[in-house]
Amino acid sequence: MSDATLHATTQDPDSFAVQIADQVESFIVAVTEVAKGDEPDSAVPFLLLEVSQLLLAGGRLGAHEDIVPDERYEPDLGPEADVDELRERFARLLEPIDVYSEVFDPYEPRKAPVPCRISDDLADVVTDLRHGLAHYRAGRTTEALWWWQFSYFSNWGSTASAALRALQSLVAHVRLNQPLEALDGLDTDEDLTADALEEEAGRVMVEELAGPLGLRDLK
């Protein structure tokens, strides 16, 4: 889709709304391309970059004053686009390192970590972003910004942040030549305690991941 289609000609390309919409669409397009698996060796570092850039947009939305939609009730957008294929593509692409351990609320004391999946995170974030983009493309700019801001606080901000920590940790383990504790094969539907996570976590060595992920040459 061209910029002319996405942006009304009356909108200032330097406006807050246009910049956020650009970042949102750029993320969706980029991760959809990564999910195709054409360049698996660069998938993890590329996702690290894209999620980092998206969270810049999230930070701007979070720091912005509360955005109030023009209408009291959200207009009906019809059925949501299916992201199952995107989720499954990422699950296959990231299979060795898809599952990771996460604590949902760092301010809630003694909260046990739970297993999550990067593939689920990316699909969930894309779902939230597409919802707002549909409003934006329909000319409901304030509604789009409200949705992106609201869902940033309620879902996609924390989800993307968790995925970013997982991706950054993976890259750091490989670059620093350190063994990686991977939650290999865990069922993310299980209610697992910290001890269970520790017992079931597999050991995936850096040498097994660095080559396939294209992060450094193996000697």
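Colleague: How many helices and how many strands are there in the protein?

Modeller: Happy to start there, and please keep in mind that this is a predicted model. Read along the sequence, the pattern is α-α-α-α-β-β-α-α-β-α-β-α. Counted up, the protein has eight helices and four strands.

Colleague: What share of the residues counts as buried?

Modeller: A residue is called buried here when its relative accessible area is under 20%. The outside of the protein exposes about 12200 Å², with carbon and sulfur atoms supplying 50% of that area. Of the 219 residues, the buried share is 40%.

Colleague: Which element gives the largest share of the largest nonpolar core?

Modeller: In soluble globular proteins, nonpolar side chains tend to be buried together. The largest core in this model has 48 residues, and Phe27, Leu47, Phe90, Leu129, Tyr136, Trp148 and Trp156 have the most contacts inside it. Helices H2 (16–35), H3 (43–63), H4 (84–93), H5 (118–137) and H6 (141–175) each give two or more residues to this core. The largest share, 12 residues, comes from H6.

Colleague: Which residues does tryptophan 148 touch, leaving out those up to four places away in sequence?

Modeller: Trp148 is one of the residues with the most contacts inside the largest core. Touching here means heavy atoms within 4.5 Å. By that cut-off, the partners of Trp148 are Ile20, Ala21, Val24, Leu61, Asp128, Leu129, Gly132, Leu133, Tyr136 and Trp156.

Colleague: Is H5 mostly covered or mostly open, and how many of its residues are buried?

Modeller: H5 reaches 28 Å from its first C-alpha to its last, close to the 28 Å expected at 1.5 Å a residue. After the helix comes glycine 139, with a positive phi near 90 degrees. H5 is mostly covered, and of its 20 residues the number buried is 14.

Colleague: Which elements give two or more residues to the lining of the largest cavity?

Modeller: The model has one cavity of 30 Å³ or more, and the space in the largest cavity is about 30 Å³. Its lining is made by Phe27, Val51, Leu54, Leu122, Val125, Ala160 and Ala163. The elements that give two or more residues to this lining are H3, H5 and H6.

Colleague: Of contacts between residues at least 6 apart in sequence, what percentage joins residues at least 24 apart?

Modeller: Trp148 gives a nice example of a contact across the sequence, as Ile20 is among the residues it touches. For the whole protein, taking contacts between residues at least 6 apart, the portion that joins residues at least 24 apart is 71%.

Methods: Residues are numbered from 1 along each chain as its sequence is written. This is a predicted model: local features need pLDDT of at least 70, side-chain atom pairs count only at pLDDT 80 or more; totals for chains, interfaces and linings use all residues. Side-chain values use heavy atoms; hydrogens and water are left out. A nonpolar core is a set of buried Ala, Val, Leu, Ile, Met, Phe, Trp, Tyr and Cys residues joined through side-chain atoms within 4.5 Å. Buried means under 20% relative accessible area, exposed over 50%, partly exposed in between (1.4 Å probe, protein chains only). The expected span of a helix is 1.5 Å times one less than its number of residues. Accessible areas come from the Shrake-Rupley method with a 1.4 Å probe; for residues, only the protein chains shown count as cover. On a 1 Å grid over the protein atoms alone, a cavity is a set of points where a 1.4 Å probe fits but cannot get out, and a pocket is an open set with protein on both sides within 12 Å along at least five of seven lines; lining residues have an atom within 4 Å of a point. Grid points are joined across faces, edges and corners, and a volume is the space filled by probe spheres set on the points.
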